[in-house]
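Colleague: I would like to go through the labels used for this model and hear what each one rests on.

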Amino acid sequence: MLPARSDVEVRRSARRSRTVSAYREGDRTIVLIPARMSHAEEQRWVAQMLDKLAAQESRRTLGDDALAVRARELSAAYLGGRAEPEQVRWVTNQNSRWGSCTPSERTIRLSHRLQGMPGYVVDYVLLHELAHLLVPDHGPAFWALLEAYPRTERARGYLEGVASAARLPHIPGARGGRAPVPDEDEAPESCD
């Protein structure tokens, strides 16, 4: 889904002479253009960049069926095929966790906030939840299962960085303003 026009911020730069680029920053889209560009050119480039970002994101986003296939592949590769979920799906109601698992129902849910993140990060969260089908707690046996995945630490660092950035204060006028700081006693991001 394309963002509303009000969710797009155009930043002009005198140093930028020919290139146009765009990226997502939370719920906003930032489009960087040369300062000399006319309003009509700006509008054309914004539309083009929104289309380009949407196409990139749709290629990166797995649907529920593809997510279930990926879960089976990860289970086979890292858990000897022993973790067999009944259902794996994306959900939009997980804002304080990256993923969750209900071992008794053998269901895994991943937060939609993971969509568009690097594949190794999504794989890590999916593997984390698959491991909970075998070991429900976060004890040594659980973490031993995740040692087989070579990008565990890198993925955890990426997720910690995303969670930390979301808690940075918004400074008006600063490049890349952030969301407000949550209460100090708010729980940190977790997978389950």
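Colleague: Why is β6 called largely enclosed by the rest of the structure?

Modeller: The model is predicted, and the label rests on burial, which requires under 20% relative accessible area. Five of the five residues of β6 are buried, so the strand counts as largely enclosed.

Colleague: What makes both faces of β6 count as covered?

Modeller: Thr 107, Arg 109 and Ser 111 lie on one side, Ile 108 and Leu 110 on the other, and all of these are buried.

Colleague: Which strands pair with β6 in the sheet, and in what order do the strands lie?

Modeller: The order is β4-β6-β5, in an open sheet of three strands. A pair needs at least two bridges. Five bridges join β4 to β6, and four join β5 to β6, so both pairs meet the requirement of at least two.

Colleague: Why is the pairing called mixed?

Modeller: β4 and β6 run parallel, whereas β5 and β6 run antiparallel; the sheet is accordingly described as mixed. On the parallel side, Val 91 stands opposite Ser 111 in β6. On the antiparallel side, Thr 102 has Thr 107 as its bridge partner, and Cys 101 has Ile 108.

Colleague: What makes β4 and β5 edge strands?

Modeller: Each of them, β4 (87-91) and β5 (99-102), pairs on one side only.

Colleague: What lies between β5 and β6?

Modeller: Four residues separate the two strands of this hairpin, and Arg 106 in the turn has a positive phi of about 60°.

Colleague: Which helices lie against the sheet?

Modeller: Helix α2 (residues 64-78) lies across β4 and β6, at about 130° to β4. Helix α3 touches β4, β5 and β6, and its direction makes about 155° with that of β6.

Colleague: How do you know how α3 is oriented against α5?

Modeller: Helix α3 (residues 119-134) and helix α5 (residues 152-166) pack at about 100°, with axes 9 Å apart. The range for roughly perpendicular is 65 to 115 degrees, so α3 is roughly perpendicular to α5. The contact residues divide into seven nonpolar, one polar and two charged. Among them are Tyr 120 and Val 121 in α3, and Arg 154 and Leu 159 in α5.

Colleague: Why is Val 162 called partly exposed?

Modeller: Val 162, in helix α5, has 30% relative accessibility. Buried would need under 20% and exposed over 50%, so the value counts as partly exposed. Setting aside residues up to four places away in sequence, Val 162 touches Trp 98 and Met 117.

Definitions and conventions
Residues are numbered from 1 along each chain as its sequence is written. This is a predicted model: local features need pLDDT of at least 70, side-chain atom pairs count only at pLDDT 80 or more; totals for chains, interfaces and linings use all residues. Side-chain values use heavy atoms; hydrogens and water are left out. Axes are lines fitted to C-alpha atoms, for helices over the stretch in contact, and angles run from 0 to 180 degrees between N-to-C directions. Angles under 35 degrees count as roughly parallel, over 145 as roughly antiparallel, 65 to 115 as roughly perpendicular and the rest as oblique. Contact means heavy atoms within 4.5 Å. Ala, Val, Leu, Ile, Met, Phe, Trp, Tyr, Cys and Pro count as nonpolar, Asp, Glu, Lys and Arg as charged, and the others, Gly among them, as polar. Buried means under 20% relative accessible area, exposed over 50%, partly exposed in between (1.4 Å probe, protein chains only).
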